[in-house]
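Me: Hey, can you walk me through this protein model? I'm new to reading structures, so plain words please.

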Amino acid sequence: MRAGLPKREPDFLDFWYKNDVYGEKQKLHAGHKKFVLHDGPPYANGKIHMGHALNKILKDIIVKYKYARGYDTPYVPGWDTHGMPIEHACIKATGVDRHKLSPVELRKMCREYALEWIDTQRSDFKRLGVLGDWAHPYVTLDPHFEAEQVRVFGTMANKGYIYKGKKTVYWCPHCETALAEAEIEYADQKTPTIFVKMPLVKDNGLTPEEAKGKPAYMVVWTTTPWTIPANVAVAVNPEVEYAWVEYNGEVLIMAAELVDKVAEECGVTFGPVLGTTQGRKFELAECVHPFPEYNHRKSLVVLADYVDLETGSGCVHTAPGHGDVDYLTGLKYNLPILCPVDEKGCFTDEAGEMLKGKFVFDSNGLVIKHLAELNVLLGKKTIHHQYAHCWRCKNPIIYRASEQWFASVDGFRQEALDAIANDVKWIPSWGESRIHNMVADRHDWCISRQRVWGVPIPIFYCEDCGETLINPDTIEAVANIFETEGSDAWWNHTAEELLPQGTKCSKCGGTHFRKEKDIMDVWFDSGSSHMGVLTKRPELQWPADMYLEGSDQHRGWFQSSLLTSVAVTGKAPYRSVLTHGYVLDGEGRKMSKSLGNVVVPQEVISQYGADIVRLWVASTDYKQDVRISPVILKQLAEVYRKVRNTIRYILGNTYDFDYEKDKVAFDQMEELDQWALMRFEELKNEVEQAYEEYDFHVLFHAIHDFCTVDMSAFYLDIIKDRLYTSKQNSQKRRSAQTAMYQILKELMVMLMPVLSFTMEEVYQYMNKPADAPLSVQMLPWPEHHAEYINKELEEKWNAFLAIRGEITKVLENARRAKTIGHSLDAKVVLYAEGDALAELKALESHLPALLIVSQAELHEGLGADGEETGRSDLKVAVLPADGEKCERCWCYSTTVGQNPEHPTLCSKCCEAVD
């Protein structure tokens with residue numbers, strides 16, 4: 001085995017793919033029980049990062065382990081190629097103006113862009129050692145996939161789960177499209193907050209006697225001044241007590257608990273409280289909009305439990321066209337849904353002369369200034385808070401009421417919740433409550449996007465009466481065309497060409513139709529992959545045994561897949577879901593170019609090799625956020641070196657060993673070799689359990705400790721003399737080689753899922769039968785040897801190891817004092833009683849070899865001689881060894897020189913060389 005992973009690994013990649021190791025593996029396990037890990041498709045829009053590496057390597061480790069356990073483990077990688085992530089990246093890379101391109105032209109550019117990045121990412125994933133059907137991945141722009149996605153949509157529509165409605169949705173004014181919750185991320189933003197006086201014109205007869213005759217205002221609070229033009233209501237909490245507060249000849253209404261806080265934040269001094277009223281009594285009172293240009297538009301006082309006393313005034317500005325909870329409140333009270341904002345985030349004529357054409361976030365100042373001029377601005381300040389941003393362009397989003405297509409989660413929510421609770425194993429277990437809460441709180445899913453790069457929503461409209469047209473016949477007609485031409489057909493054909501011949505409007509009998517312009521949410525694409533891939537690829541199966549992605553996918557792919565699957569089949573598309581955390585730097589910070597803390601997988605591979613990246617994945621408790629840094633990688637490279645050196649030592653000392661011819665039966669082996677195999681059997685059980693529970697960091701630490709402590713620091717160190725100085729074919733030497741070879745052969749398979757490149761190298765170097773499989777990746781999991789477990793033997797050697805540790809300390813002290821140089825220069829005299837005496841007596845004849853000294857004497861009783869140890873029943877004296885040094889074994893012996901034919905050798909070595 002040679003050093004230099006970065007240079008050696010490409011040779012093994014060539015070996016795997018030239019010999020089609022993936023295909024050969026599949027042939028070998030054809031007909032076996034399947035384990036299908038369905039790949040969550042990454043976006044084909046840029047270079048892979050450490051998060052990709054973590055994800056793909058985790059999948060690869062599991063698939064390779066399951067294969068070793070005898071499963072048929074087809075792994076079909078996939079790519080998400082539609083939607084705003086690709087379109088946005090393509091436009092940014094090419095610098096084109098999408099508004100100047102036809103839909104077909106833009107789609108062609110996006111397709112080419114996505115396919116280029118698939119090739120780049122595929123090479124990087126393969127370089128990580130991830131084995132799969134890379135020649136035949138699933139790609140969401142594939143016509144067959146698109147056709148199946150249309151069928152999923154059609155099934156949901158025919159079950160009544162798809163509807164169109166005007167709702168308030170997340171909207172990115174920069175990307176000019178609606179967004180789903182999974183496409184939102186939060187970032188810090190500096191925001192103006194204002195307290196506004198809303199004139200009260202209908203008081204429900206609640207005005208206190210002392211306040212009568214004075215103008216009254218409800219003080220509303222908002223963090224989005226630009227939404228004031230769309231105000232149609234003031235929300236109060238029904239259980240909160242509200243105060244009527246005197247202020248400069250006016251009366252202000254706000255939560256009694258917040259009076260002092262509002263005064264402080266606004267920098268004003270209030271007069272006395274003139275009375276209080278419980279919130280619920282204000283229901284259906286009326287204010288008017290403070291802008292006179294809105295012709296005294298009514299603002300209804302409504303009740304809402306979400307109004308709290310943490311911030312603001314206890315009276316909340318309500319604009320159903322610009323807020324999710326506002327929208328629900330609007331439905332409850334039948335409020336108008338005003339949204340004077342266009343798709344670019346600019347005010348329309350409906351907002352008035354002052355604001356029309358202005359971008360909403362640029363208009364906060366104008367609104368605040370206008371309120372001040374009208375003498376209804378009570379106070380303002382600036383805050384920093386977490387605000388929703390678009391996941392693609394990273395700009396702040398708005399809530400905007402618009403007509404969209406939705407999937408009604410209400411229609412199948414309980415089935416989804418039942419599937420979450422009863423049909424799926426969540427790893428870690430907290431994933432269940434996380435996705436349960438998300439689905440339980442979800443009423444609908446906005447599935448339409450105002451873009452062109454994606455699968456179109458396959459709905460038609462009657463040109464004569466506007467009636468919507470979608471039924472099983474139209475869906476199948478569109479799906480069949482997509483299957484041969486792809487979804488470009490939607491733009492290349494007229495509605496009549498796409499529809500079945502003779503299609504008529506069910507309402508008016510019309511025969512002229514137009515096509516829907518929106519495309520489906522990209523999460524609908526990947527969320528349909530269980531139908532588009534698992535049910536269509538013969539080597540796969542539905543449902544998948546596992547989905548494995550990052551923790552953000554509880555609201556993304558895990559959820560979209562669950563919703564489409566339950567809606568279509570009534571069941572979850574997966575039997576288990578495993579979640580990993582995010583990749584952070586060594587200090588626990590998010591990686592960013594500005595911080596200069598980004599670790600790039602390609603650079604790590606160039607410096608250390610892919611097996612170090614794989615070792616990093618296995619060494620982390622990935623169920624939480626994981627850290628990586630140059631320091632961590634350097635430490636892992638040292639860990640790798642120690643494990644590799646252990647394996648290299650065993651390889652070097654089994655070069656002349658033929659397992660079938662030379663092996664020694666377990667019951668005839670040296671006791672120390674039996675102990676080594678027993679200890680390895682215990683390790684095997686521990687590692688197997690860790691693999692089964694997906695706790696790879698546990699197996700990593702267990703194997704590392706075994707190699708460095710049990711093997712290198714003890715067993716291999718002790719048998720060195722036996723290996724180097726015994727006769728080549730002696731039973732003692734073959735006994736040690738039998739143990740080492742068996743450990744190597746099985747440890748290699750146990751490490752193969754993690755250190756795939758290194759274990760392939762080991763396999764190619766080691767002696768093996770002529771009919772051995774082509775690759776280490778085709779070997780079965782090691783069999784168990786229950787007969788190796790011997791508690792009595794384990795206790796005996798554990799006791800000796802504890803004593804040996806005490807003796808080694810005394811030897812080290814003697815070396816420091818220059819009484820000896822190497823431990824073989826020493827003769828140890830052991831004074832023992834009780835347990836120590838019994839334990840040493842059992843191994844007395846082997847003590848020189850076990851302690852790696854030239855001579856050892858054991859005396860009963862502690863006596864006056866010897867250095868005290870950490871045990872009360874043991875003393876140790878270290879003396880220069882008797883006799884001369886044998887030039888072959890380096891041990892001192894009084895027998896050196898006694899054989900005239902070998903005057904420089906001890907009697908043991910003379911016997912070995914004769």
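Reply: Here's a chat about two helices, a pocket and the nonpolar cores. Keep in mind that this is a predicted model.

Me: Cool. Let's start with H8, then. Which of its residues are buried?

Reply: In H8, which runs over residues 324–333, the buried ones are Asp 326, Tyr 327, Thr 329, Gly 330 and Tyr 333. They cover an arc of only 165° around the axis, which means they sit on the same side of H8.

Me: And what covers the buried residues of H8?

Reply: Strands, among other things: the cover includes E4 (162–172), E13 (298–303) and E14 (315–318).

Me: What's the phi like just after H8?

Reply: Asn 334 comes just after H8, and its phi is positive, about 55°.

Me: OK, now H11. Which residues are buried there?

Reply: H11 covers residues 430–440, and its buried residues are Gly 431, Ile 435 and Val 439.

Me: Why do they line one face of the helix?

Reply: Because they fall within an arc of 55° when you look down the axis of H11.

Me: What do they pack against?

Reply: Three elements: helix H10 (413–422), strand E17 (425–427) and helix H17 (557–569).

Me: Switching topic: pockets. How much space is in the second largest pocket?

Reply: About 1200 Å³. It's lined by 42 residues, and the closest to its centre are Asp 721, Arg 722, Pro 848, Ala 849 and Lys 908.

Me: Which helix gives the largest share of that lining?

Reply: H23 does, with seven residues. Other elements that supply at least two residues each include helix H22 (671–692), helix H26 (791–816) and strand E33 (892–893).

Me: How many of the lining residues are nonpolar, polar or charged?

Reply: The lining of the second largest pocket has 18 nonpolar, 11 polar and 13 charged residues.

Me: Last thing, the largest nonpolar core. Which residues touch the most other members?

Reply: The core has 238 residues, and the ones touching the most other members are Met 156, Leu 562, Tyr 574, Trp 616, Phe 696, Tyr 715 and Leu 840. H23 turns up again, giving the largest share of this core, 14 residues.

Me: What does Trp 616 touch?

Reply: Leaving out residues up to four places away in sequence, Trp 616 touches Met 50, Leu 54, Val 583, Val 626, Arg 627, Ile 628, Ile 632 and Leu 636.

Me: And what's in the second, separate core?

Reply: That one has 76 residues, including Ile 194, Phe 195, Ile 253 and Cys 266.

Key:
Residues are numbered from 1 along each chain as its sequence is written. This is a predicted model: local features need pLDDT of at least 70, side-chain atom pairs count only at pLDDT 80 or more; totals for chains, interfaces and linings use all residues. Side-chain values use heavy atoms; hydrogens and water are left out. Buried means under 20% relative accessible area, exposed over 50%, partly exposed in between (1.4 Å probe, protein chains only). Helices (H or I, at least four residues) and strands (E, at least two) are DSSP runs, numbered from the N terminus. The arc is that of the directions from the helix axis to the C-beta atoms. Contact means heavy atoms within 4.5 Å. On a 1 Å grid over the protein atoms alone, a cavity is a set of points where a 1.4 Å probe fits but cannot get out, and a pocket is an open set with protein on both sides within 12 Å along at least five of seven lines; lining residues have an atom within 4 Å of a point. Grid points are joined across faces, edges and corners, and a volume is the space filled by probe spheres set on the points. Ala, Val, Leu, Ile, Met, Phe, Trp, Tyr, Cys and Pro count as nonpolar, Asp, Glu, Lys and Arg as charged, and the others, Gly among them, as polar. A nonpolar core is a set of buried Ala, Val, Leu, Ile, Met, Phe, Trp, Tyr and Cys residues joined through side-chain atoms within 4.5 Å.
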